[in-house]
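Open the model in your viewer and keep the sequence panel beside it. We will walk through it one selection at a time.

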Amino acid sequence: DLALTNNLEIKQARFRESISTINVRESKFALLPTLTGNSTFNLNYGRSVDPFSYEFVNQKINSSNGNLLATVPVFQGFQYLNQIAQAKLNLEVDKSNIKKLENELTLLVITTYLQIANYKDLVLAAEQQLELAKMQEKHTQLYFNLRDKTSADLSHAKAFVANANLNLVTAKNQLNLSYLRLAQLLERKPFDQFDIEELSNVELSSNTVYAPAVIHDIAIK
């Protein structure tokens, strides 16, 4: 909901839809009759020409005039009807585009959310693997001191620790990038800390056949 409300691209698409709605209304108004009018009022002082006698007079003269013009479209080669049809089609295109953008954004948000949940599990697994590697290195060092392990064994244990540490750093970086992507999709400030609600464990019977719609509903809950 936050993504659909805050996304700039969707806001622009809705703005274009509003313009198309106005265009449809204006194209329909073009079929209506039009009436225009204007009026003028003149006031002259001093020597001037009397508009009635066309003689020069030296007095104040008031004059006014006005006109009205009415036009009715009779036939324009179906131009106005075609403009209405085109405006309606443009409006439908804009509506479809909004729906398309909303579906794509929704999918991106869900995918990114699942990535975060996955990387959080990977970070936890990498931390446990690193602890195991450190314990293994410690034991190997003790056996090496007792001359029960070779330097190759010790080097291998240290390499295992280094590799586990690299996996942990990689998992944390991927987790942070996923948080950043989700923040961008939600139009949040990138450095504002936030967390996601964990997925609840859903048990599905292996003997039950679920329709795709049911699986989808369970997945998004």
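Which residues does threonine 112 touch, not counting residues up to four places away in sequence? Select threonine 112 and show its surroundings: the contacts are Ser178, Arg181, Leu182 and Leu185. Threonine 112 itself sits in helix 3, and with a relative accessibility of 5% it counts as buried.

Before going further, a word on confidence. This is a predicted model, so colour it by pLDDT. The protein chain has an average pLDDT of 82, and 89% of the residues score at least 70. Among the elements of the chain, helix 4 has the highest mean pLDDT, 90, while strand 2 (residues 47-49) has the lowest, 70.

**Stop 1: helix 4**

Now select residues 151-185, which make up helix 4. Helix 4 is 35 residues in length, and from its first C-alpha to its last you can draw a distance of 51 Å, close to the 51 Å expected at 1.5 Å a residue.

Show the side chains of its buried residues next. They start with Leu154, Ala157, Val161 and Ala164, go on through Leu168, Ala171, Leu175 and Ser178, and end with Tyr179, Leu182, Ala183 and Leu185. What do these buried residues pack against? Display helix 1 (2-6) and helix 3, and you have the partners.

For a contrast, pick glutamine 174, also in helix 4. Its relative accessibility is 27%, so glutamine 174 counts as partly exposed. Draw a C-alpha to C-alpha distance from glutamine 174 to leucine 122: these residues are 52 apart in sequence and 9.7 Å apart in space.

**Stop 2: the nonpolar core**

Select Leu105, Val109, Ile116, Leu175, Tyr179, Leu182 and Ile196 together. These seven touch the most other members of the largest nonpolar core, which has 26 residues. Helix 2 (8-29), helix 3 (79-145) and helix 4 (151-185) each contribute at least two residues to this core. Helix 3 gives the largest share, with eleven residues.

**Stop 3: tyrosine 179 and its neighbours**

Keep tyrosine 179 on screen and clear the rest. Leaving aside residues up to four places away in sequence, tyrosine 179 touches Ile116, Lys120, Phe194, Asp195 and Ile196.

Zoom in on phenylalanine 194. The structure holds one aromatic pair, and here you are looking at it: tyrosine 179 and phenylalanine 194 meet edge-to-face, with 5.5 Å from centre to centre and 90° between the planes. The pair links distant parts of the chain, 15 residues apart, with tyrosine 179 in helix 4 and phenylalanine 194 in the loop between helix 4 and helix 5. Are these two residues buried or exposed? Both tyrosine 179 and phenylalanine 194 are buried.

Two other contacts of tyrosine 179, Lys120 and Asp195, also interact with each other. The side chains of lysine 120 and aspartate 195 form a salt bridge, 3.2 Å from N to O. This pair, too, links distant parts of the chain: lysine 120 is in helix 3 and aspartate 195 is in the loop between helix 4 and helix 5, 75 residues apart. Aspartate 195 has a relative accessible area of 52%, so aspartate 195 is exposed.

**Stop 4: the other salt bridges**

How many salt bridges are there? The count comes to three.

Select glutamate 102 and arginine 14 next. Their side chains meet in a salt bridge at 3.0 Å, N to O. Glutamate 102 belongs to helix 3 and arginine 14 to helix 2, so this pair ties together parts that are 88 residues apart in sequence. Glutamate 102 is buried, at 17% relative accessible area, whereas arginine 14 is partly exposed, at 33%.

Then move to glutamate 104 and lysine 100, whose closest N and O atoms are 3.0 Å apart in a salt bridge. These two are four residues apart in helix 3, so about one helical turn separates them. Glutamate 104 is partly exposed at 40%, and lysine 100 is partly exposed at 43%.

**Last stop: glutamate 187**

Finish just after helix 4, where glutamate 187 has a positive phi of about 60°. Most residues other than glycine have a negative phi. Glutamate 187 is placed in the loop between helix 4 and helix 5 (212-220), and its 39% relative accessibility makes it partly exposed.

How values were computed:
Residues numbered from 1 in each chain as written. Predicted model: local features only at pLDDT ≥ 70, side-chain atom pairs only at ≥ 80, totals over all residues. Heavy atoms only, no water. Core = buried A, V, L, I, M, F, W, Y, C linked by side-chain atoms within 4.5 Å. Buried < 20%, exposed > 50% of the residue type's maximum accessible area, 1.4 Å probe, protein only. Contact = heavy atoms within 4.5 Å. pLDDT = per-residue confidence, 0-100. Expected span 1.5 Å × (residues − 1). Phe/Tyr/Trp six-rings, centres within 6.5 Å; stacked < 30°, edge-to-face > 60°. Salt bridge = Lys/Arg side-chain N within 4 Å of Asp/Glu carboxyl O.
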